[in-house]
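Biologist: I'd love a close look at one part of this model, with its surroundings included. Please start wherever helps me get my bearings, and spell out your cut-offs as you go.

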Amino acid sequence: MKRSPFGKPKFGAIRALRLMGIAALASTTVQPLHGQTVQTRSAGADPASMRPLTHVGPWLVDSVGRVVQLHGLTLYKKKPPFLDEVSDSDLDYVTREGFNAFRINWIWEAAEPSPGHFEDGHFDQVVALNDQMAKYGIRTLIGSANNSFSSKFGGFGAPLWASVNRQYCTKPDEQRICLKNIQDRYLGLDGEYEAWDNFYDNAPAPDGVGVLTHFTRTWQRLAGRLKDKNNVFALDLFHEPAPGLRYVRKGERRFFSEPATFERDGLPPFYKTVADGVRHSAPNPSIYFQISNYWTLENTAKAGIHVPPHFSNDPNLGLSFHFGPSDLGGVSNNDFVEKLGQTMSTASNYARRADVALVVTGYRLAKNEEQYAILTDLLGSRFIPWFFYTYKGMPDPGAENTSLLIDPSLPASDANVKSARFDSMVVPYPQLVAGTPKSWSFDRSTKVVRFGYSTKPVGKRRPCAGADTEIFVPARHYPQGYTAEVTGGKVVSSPTSAWLVIQQARGAREVGVTIRPSSGSFTERPAVATGPSADVSCR
């Protein structure tokens, strides 16, 4: 039985069966019409009724106290116009495959091209994307992305006017680019480190206002426009913050030698400044923060996480956890599993100790689909929400493989998706749990799912009547339908539904679910990303 980092497994199917004597089966046989596969569409909750998510410790929870699991994708560009569009056809396709969240990144240089002058068209696009996704019941995480601080250092993110470095990598004519080869940007660049120092220190921009003040005001401008968007569950303050020369020696490779003192001393005042400003404009969404990027799983596990969680008095905080490209390739699957397990234990232990939510907000560049499956299954067994990087890929050398689409310029379709990648990442999973998840396994060879959870809630609020457990069952893996055996509860959904909905039995302390593939039937494809009881409210 797999073990969750959030609690010790206590579930025993045999014991629960003896105690309750209850077993509910959901199976059916449907005759295809004229020999064709029947494709119906499951109805879901009205997206307009979506309510904000919060957290209890590392768990995401909905408004009625159920644990929420998100499987998401990432959307943005590293070059102008800095944000990809998606069609309704894209959202329709990914929704039916069980993706229920998107990470949308905005870029500072696109939003504030000159000091104090905003390009609201960039934020118009962010808001429009969010609203488009809300129609499908898709939750969003909105974040500020950067890479190597700005284009001055071969990356993107901060405007050139906010890239303040007066001593290193400058000439009398103020070069636009401070390096000769873009591949060198990860080796450590003294001019970039100087710009990071000045950013954190709020050095004056050309208009005399501090660059950090400018950044915070820009964030506030967007946050104010998102404050009433309940499908926005989190605002991710800053993407992969790097240290300055105060913490890194000149010429040092930052991703491998970055001192923990940066997280303890440098990041808290920065995050407090931005978080307090953002919260002033948007009272509802969670505020997420990131640690510095150590670039490999092994180094992250060894270094630990040192950001003090109480840099803000805000109780609704989360850790936005990243993997870099070196993490998912070049090692054997066995080594990968070991290092991944160690790293996720580091993140989970920190989230539990710090009382912050935990979401993996980016992983990418596996050299084989098997590693994607390994990562998806490990995160599933630990009940950790995740976002894949990216949906349409990036132009970076080697990063084009991150796209889930064969041709990113065309909408998603069976002919335009990487089937093996989708097979790895599209899996059954518990989207809503009316209790505390304990164990989860998905056997990819037999398609058998085993799930156990306690009916005791993760927080003080016990889910009310109608706030049931919902397990997404993808037609991709169960094209001929499925059966479900339940102990400690009963199935209350249609036999062919894309969501297996479980209602716990009166007095049950534990619930066990086993899902198996069937034949002669079908599994419906959802029309929206939310299940039938997602909009339940409790008085």
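The part to look at is strand β14, together with what lies around it.

Modeller: Happy to! A word on the ground rules first. This is a predicted model, in which local features need pLDDT of at least 70 and side-chain atom pairs count only at pLDDT 80 or more, while totals for chains, interfaces and linings use all residues. Residues are numbered from 1 along each chain as its sequence is written, and side-chain values use heavy atoms, with hydrogens and water left out.

Now the setting. The protein has 12 helices and 22 strands; these are DSSP runs numbered from the N terminus, with helices being H or I of at least four residues and strands E of at least two. Of its 539 residues, 61% are buried, where buried means under 20% relative accessible area with a 1.4 Å probe and protein chains only, exposed means over 50%, and partly exposed lies in between. Among contacts between residues at least 6 apart in sequence, 76% join residues at least 24 apart, a contact being heavy atoms within 4.5 Å.

Strand β14 covers residues 429-433, and 5 of its 5 residues are buried. Pairing of strands calls for at least two DSSP bridges between them, and β14 has such links with β5 and with β17. With β5 (residues 67-68), β14 pairs in the antiparallel sense over 2 bridges; here Val 68 has Leu 432 of β14 as its bridge partner. With β17 (residues 469-472), there are 3 bridges, again antiparallel, and Pro 430 is bridged to Ile 471 in β17. As background, side chains in a regular strand alternate between the two faces of the sheet.

Follow the β5 side and you come to Asp 62, which sits in the loop between β4 (59-61) and β5. Is this residue buried or exposed? Asp 62 counts as buried because its relative accessibility is 9%. Leaving out residues up to four places away in sequence, Asp 62 touches Leu 53, Val 68 and Leu 432. Two of these names are familiar, since Val 68 and Leu 432 are the bridge partners mentioned above. Asp 62 also lies 6.9 Å from Pro 52, C-alpha to C-alpha, with their positions 10 residues apart in sequence.

On the β17 side, the residue to visit is Glu 97, in the loop between α2 (88-96) and β7 (101-106). Glu 97 has a relative accessibility of 4%, so Glu 97 counts as buried. Not counting neighbours within four places in sequence, Glu 97 is in contact with Phe 422, Val 426, Phe 472, Arg 476 and Arg 525. Position 472 is where β17 ends, which ties this loop residue to the strand that partners β14.

Finally, look at the helix that leads into that loop. The buried residues of α2 are Asp 90, Leu 91, Tyr 93, Val 94, Thr 95 and Arg 96. After α2 comes Gly 98, with a positive phi near 95°.

To retrace the walk: β14 is flanked in its pairing by β5 and β17, Asp 62 touches Leu 432 and Val 68, and Glu 97 contacts Phe 472.
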